[in-house]
Amino acid sequence: MEEKKRCYWCNDKNPLYVKYHDEEWGILHLDDERYLFGMLVLEGFQAGLTWECILNKRKAFRDAFLDFDPEKVSRFDEQKVSELTKNKGIIRNRRKILSAIKNAAVFLVIQKEFGSFKNYLLSFSKGKTFREIGKTHNALSDRISLDLHKRGMRFVGPTIVYSYLQAIGIVKSHEKDCFLFSGD
C-alpha cells in the first residue's frame with residue numbers, strides 16, 4: 001500500500017498530527033463558534049513555538065480553558081490565572097494566558113455585534129476562500145489582525161491570524177504534492 005503524501009510540515013510519525021492534517025486542517029469550520037474561539041486561543045499560544053507542540057497539548061488546553069467556552073474563559077480571575085500558570089499540561093506563559101482571557105471578552109463583543117464570529121470573519125473574506133501556498137500572511141490576515149488589535153485582542157498578529165485562517169479553512173494551503181490538494 002502506498003503511503004499518502006502530506007504537506008511537508010506534517011510529522012508522519014505523530015498520529016495526532018497526521019489526524020489533524022488529514023481530517024481538520026484547512027477544512028471549513030465556520031459553524032462551530034467554540035471551535036473558532038479555541039483555535040484562536042491555540043494559535044495565540046503557538047506564537048514562538050511549533051504547532052505540533054500545541055497540538056500535543058490541545059486536550060490539556062481544552063480542559064484548562066473549559067472546552068473553549070468564551071463566556072467562561074472571559075470570567076477567569078487571578079486565582080484561575082495562577083492555577084493555569086502552574087498547569088504543566090499547557091503553555092504556562094502568563095501573558096498568553098491573560099491574552100486568552102481578554103480575547104474571550106472581545107470575542108463575545110464581536111459575536112454580539114456581528115451575530116457570530118463566523119459573520120465577523122466573513123465580513124472580511126466576503127464569504128470566499130482563498131488558495132495560497134508558501135505565505136505567512138496576506139492582505140486578509142493583515143486587515144483582520146489590525147481590526148482585532150483595535151478591538152483589544154492580543155497575540156493576533158498577521159502571521160498568527162493567517163495560520164488561524166489556514167486552520168479553519170478560509171485559506172486553503174495544502175501543497176500541490178499533498179493528497180488533500182485541490183486546485184480550487
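Here is a short chat about a predicted model of a protein, from its overall build to one tyrosine.

Biologist: Happy to look at this with you! How many helices and strands does the protein have?

Modeller: Reading from the N terminus, the elements run α-α-α-α-α-α-α-α-β-α-α-β. Tallied by type, that gives ten helices and two strands.

Biologist: What radius of gyration does the protein have, and what would a compact globule have?

Modeller: The C-alpha trace spans about 50 × 35 × 25 Å along its principal axes. For 184 residues, a compact globule would come out near 16 Å. The protein agrees with that, at 16 Å.

Biologist: Nice. What share of the contacts with a separation of 6 or more comes from residues 24 or more positions apart?

Modeller: For background, buried residues make up 49% of the 184 residues. As for those contacts, the share from residues 24 or more positions apart is 66%.

Biologist: Now to Y164: is it buried or exposed?

Modeller: Y164 sits in helix α10, which covers residues 158-168. Its relative accessible area is 2%. Buried means under 20%, so Y164 is buried.

Biologist: Which residue offers a backbone oxygen to a polar atom of the Y164 side chain?

Modeller: Good one! Beyond its neighbours within four places in sequence, Y164 is in contact with L36, M39, L40, E43, F117 and L121. The backbone oxygen in question lies 2.9 Å from a polar atom of the Y164 side chain, and it belongs to L36.

Biologist: Last one: how far apart in space are Y164 and K135?

Modeller: In sequence, Y164 and K135 are 29 residues apart. In space, C-alpha to C-alpha, the separation is 13 Å.

Terms used: Residues are numbered from 1 along each chain as its sequence is written. This is a predicted model: local features need pLDDT of at least 70, side-chain atom pairs count only at pLDDT 80 or more; totals for chains, interfaces and linings use all residues. Side-chain values use heavy atoms; hydrogens and water are left out. Helices (H or I, at least four residues) and strands (E, at least two) are DSSP runs, numbered from the N terminus. Buried means under 20% relative accessible area, exposed over 50%, partly exposed in between (1.4 Å probe, protein chains only). Contact means heavy atoms within 4.5 Å. A polar contact is a pair of N or O atoms within 3.5 Å; within protein, one must be able to donate a hydrogen and the other to accept it, and residues adjacent in sequence count only if both atoms are side-chain atoms. The radius of gyration is taken over C-alpha atoms; the globule rule is 2.2 Å times the number of residues to the power 0.38.
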